[in-house]
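Ready to practise reading a protein model? Work through the exercises below, and try each task yourself before you peek at the solution.

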Amino acid sequence: MSSTAKFVLMAQPSAPAIPHSEVLERWATELAAHAVVVTNMRGVYNDHIATHVMSFLLAFARGLPQYAHDQRDREYRRGVAPVLHLADSTLLFIGAGGVAHQAARYLQLWGPRVVAVDARPETTSGGAIDAVFGADDLEDQLPLADAVVMTVPHTTDSEGMLGRRQFELMKPTAVFINIGRGMTVVLDDLVDALDVGELAGAGLDVFDQEPLPPDHGIWTLPNVLITPHVAMVCPDIDQRRFQLVAGNCRRLLAGEPLQYVVADKILGF
């Protein structure tokens, strides 16, 4: 890295600043020690990803995965799908970043209790989230949640964060949603939990293998909604990215603080 570099922009909102790549891993020590400021694009996608979360939640709230399955089979069955009454529910976000806060603001219209666990609860509390607990409180909060939304980035600590033990702690009526990173969840354990009725359903936008293999068992489960890593997609995404880059360039030249500065260069957020 050039000794004159002032700031580095990460293209992904929560990707590790030290990518898991042989080409770039040699940056690790140098980047961590360098005075360069690292920024990312985490604020660019918040509203779109939060809307994707809401799409999954509302679909499960009205039993749409089951009815979509029945539609394909041309079966007219009333009242067979479980529903989730959001006003009486507790929603748990794993990760209390911008997406969780935006989704919590959207959820105010429905009135559930919204809580989160986060590695930095002292800096992520407030807003429309009723309470933010520390990461060590995850297993205490899982049994209380009617829906669990995974938003955390993929790091060494978060890889495989949710597996068999965590799914067993959740309510059998609970819904699981992942719009964060696929490697944070042991997908085979999730399939097992869904198969034996330990969870009511799952909405997944990310997977530990992408593209998701066509022979993977999760494709055929009637209580699962799958989207192909598109939660951030919107018509103006390139314009938003450009505006953020241009804005930070202007701030740099003017000697002003940059937007979306990465606190931990190794973790990337």
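## Exercise 1: Salt bridges

The structure holds nine salt bridges, a salt bridge being a side-chain nitrogen of Lys or Arg within 4 Å of a carboxyl oxygen of Asp or Glu. Before you start: this is a predicted model, where local features need pLDDT of at least 70 and side-chain atom pairs count only at pLDDT 80 or more, while totals for chains, interfaces and linings use all residues. Residues are numbered from 1 along each chain as its sequence is written, and side-chain values use heavy atoms, with hydrogens and water left out.

**Task.** Find the salt bridge partner of Glu168, and say where the two residues lie.

**Solution.**
- Step 1: Look for the partner, and you land on Arg164, with the closest N and O atoms 3.4 Å apart.
- Step 2: Place them: both sit in helix H7 (residues 164-169), four residues apart, which is about one turn of the helix. Helices here are DSSP runs (H or I, at least four residues) and strands are too (E, at least two), numbered from the N terminus.
- Step 3: Check the cover. Glu168 counts as partly exposed because its relative accessibility is 47%, and Arg164 is partly exposed at 27%. The scale goes like this: buried is under 20% relative accessible area, exposed is over 50%, and partly exposed is in between (1.4 Å probe, protein chains only).

## Exercise 2: A second helix

**Task.** Which residue does Arg241 meet in a salt bridge, and how exposed is each partner?

**Solution.**
- Step 1: The side chain of Arg241 meets that of Asp238 (3.4 Å, N to O).
- Step 2: Both belong to helix H9 (residues 237-254), three residues apart.
- Step 3: Arg241 is partly exposed at 28%, whereas Asp238 is exposed at 57%.
- Step 4: Now look at another group: Asp47, Asp236 and Arg240 are joined into one network by salt bridges that share partners.

## Exercise 3: The sheet

**Task.** In what order do the seven strands of the open sheet run, and which ones are at the edges?

**Solution.**
- Step 1: Read off the order: S5-S4-S3-S6-S7-S8-S9, with parallel pairing. Two strands pair if DSSP finds at least two bridges between them.
- Step 2: The edges are S5 (131-134) and S9 (224-226), each pairing on one side only.
- Step 3: Zoom in on S6 (residues 147-150) and S7 (residues 175-178), which pair over four bridges. Val148 stands opposite Phe176, and Met150 has Asn178 as its bridge partner.
- Step 4: Follow the side chains of S7: Val175 and Ile177 point one way, Phe176 and Asn178 the other, and all are buried. In a regular strand, side chains alternate between the two faces of the sheet.
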